[in-house]
Amino acid sequence: MPMSLSDIAWSGKRVVVLGDVCIDEWEYGRIDRISPEAPVPILTLDKVTRSPGMAALVAEMVRALGGEPILATVLDGEGQQWLISKLHSDTILETDENRLISIKRRSMAAIEGRSQYFQVLRADMEDCWPIEEAIARKLANKITDLERPDAVLISDYGKGVVTPWLANNVIGWCRHWEVPCIVDPARTADWSTYAGASAIKANRKESRGQEIPSPYADVTIVTRDSEGCSLWLESVEQKLPAVKIDVADPTGAGDQFLAALGLSIAAGAAWSDGCRVANIAAALQAMSAGCVPVEREDLMDLQDAQV
């Protein structure tokens, strides 16, 4: 019988989140006219918000669900100051003054006659080169000096923090201490980089061209948007349906899936139960514009509504 959310003891579970971070900037406004300068719409801004993104967002999502996340990443000093001022999570930070914090700027528009916001443009500013091995070693040492966590999540956006050496070192440490390690791979990554992971969790695009189920992890999970996800345990596929919702903005749904899955596994849930919970969490994230971490109470409300 599937485990209920109320049976999963998330509270206080320590989860390390390793990966790239950015500033998620959201511009909200209205489109009601076309520019006289070019045939493009004019977005009249109502508000602008800035919040931690990528692996930092995953950490905040773990915290919102009741876990105790520890974010591990590499940034310049100014980027670290901004990140610390915005995060509610503990951090393991290594400094590289040449590595500026990336920015993802999303323009969200409310179309006349519609109450919801829709994304009309995204602009990125980022540094994507791999961190130096000396810096990777310092970060790895800080992670492996920690008291044993309940899980490790690797959120690899392909921006250079998760180098093959760092991934191999951290995954090896997890296997030695029997710590579940779940990897969300970069879109263009060679999955052999993550050899030895407990699980690789990829979306449909990230899984293209890869061997499925992956020989590099004990468990393979492929999310399929409105079709839910597929879970492979010992090469046997199990399909887990999605929650039926009206999608407003899918941004952040994959991060929310990773956070809920990782925290569930940290709490001792079975992989199938963890994926069911993660499906619900991802659906909640997609129901509203922006990336506001889902709270445990909201998850339980949606799960009850599906029964």
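Which residue forms a salt bridge with Glu-227? Select Glu-227 and look for Arg-204: the two form a salt bridge, with the closest N and O atoms 3.8 Å apart. Bear in mind as you click around that this is a predicted model.

**Stop 1: around Arg-204**

Keep Arg-204 and Glu-227 on screen. Arg-204 sits in helix 5, while Glu-227 is in the loop between strand 11 and strand 12, so this pair ties together parts that are 23 residues apart in sequence. Glu-227 is exposed, with a relative accessible area of 51%.

Now add Asp-225 to the selection. Its side chain meets that of Arg-204 in a salt bridge too, at 3.8 Å from N to O. Asp-225 lies in the loop between strand 11 (217-223) and strand 12 (229-233), and Arg-204 in helix 5 (residues 204-207), so the contact ties together parts 21 residues apart in sequence. Turn on a surface and you'll find Asp-225 exposed, at 64% relative accessible area, while Arg-204 counts as partly exposed at 28%.

**Stop 2: more salt bridges**

The model has 16 salt bridges in total. Select Glu-94 and Lys-142 next; their side chains meet in one, 2.9 Å from N to O. This one links distant parts of the chain: Glu-94 belongs to strand 5 (residues 90-95) and Lys-142 to helix 3 (residues 133-144), 48 residues apart. Is Glu-94 buried or exposed? Glu-94 is buried, with a relative accessible area of 10%, whereas Lys-142 is partly exposed at 37%.

**Stop 3: the sheet**

Switch to cartoon view and follow the open sheet of nine strands, which runs in the order 5-4-1-8-9-10-11-12-13 with mixed pairing. At its edges are strand 5 and strand 13 (236-240), each pairing on one side only. If you look along the sheet, the twist from one strand to the next averages 20°.

Zoom in on strand 1 (residues 14-19) and strand 8 (residues 151-155). They run parallel, joined by five bridges. To see one partnership, select Gly-19 and Ser-155: Ser-155, in strand 8, is the bridge partner of Gly-19. Show the backbone here, since strands of a sheet pair through backbone hydrogen bonds, either parallel or antiparallel.

**Stop 4: the cavity**

Next, go looking for enclosed space. There is one cavity of 30 Å³ or more, and the largest cavity has a volume of about 70 Å³. To find it, select Val-21, Leu-75, Arg-99, Leu-100 and Ser-102, the closest to its centre of the 13 residues that line it. Strand 4 (residues 68-75) gives the largest share of that lining, with three residues. Colour the lining by class and you get seven nonpolar, two polar and four charged residues.

**Stop 5: the pocket**

Finish with the largest pocket, which holds about 1400 Å³ of space. Centre your view on Asn-203, Pro-250, Gly-252, Ala-253 and Gly-254, which lie nearest its centre among the 47 lining residues. Which elements each supply at least two residues of the lining? Strand 6 (102-111), strand 7 (117-125), strand 10 (197-203), helix 5, helix 6 (253-266) and helix 7 (271-286) each do. Helix 5 should look familiar, as Arg-204 from your opening selection lies in it. By class, the pocket lining comes to 18 nonpolar, 12 polar and 17 charged residues.

Definitions and conventions: Residues are numbered from 1 along each chain as its sequence is written. This is a predicted model: local features need pLDDT of at least 70, side-chain atom pairs count only at pLDDT 80 or more; totals for chains, interfaces and linings use all residues. Side-chain values use heavy atoms; hydrogens and water are left out. A salt bridge is a side-chain nitrogen of Lys or Arg within 4 Å of a carboxyl oxygen of Asp or Glu. Helices (H or I, at least four residues) and strands (E, at least two) are DSSP runs, numbered from the N terminus. Buried means under 20% relative accessible area, exposed over 50%, partly exposed in between (1.4 Å probe, protein chains only). On a 1 Å grid over the protein atoms alone, a cavity is a set of points where a 1.4 Å probe fits but cannot get out, and a pocket is an open set with protein on both sides within 12 Å along at least five of seven lines; lining residues have an atom within 4 Å of a point. Grid points are joined across faces, edges and corners, and a volume is the space filled by probe spheres set on the points. Ala, Val, Leu, Ile, Met, Phe, Trp, Tyr, Cys and Pro count as nonpolar, Asp, Glu, Lys and Arg as charged, and the others, Gly among them, as polar. Two strands pair if DSSP finds at least two bridges between them. Axes are lines fitted to C-alpha atoms, for helices over the stretch in contact, and angles run from 0 to 180 degrees between N-to-C directions.
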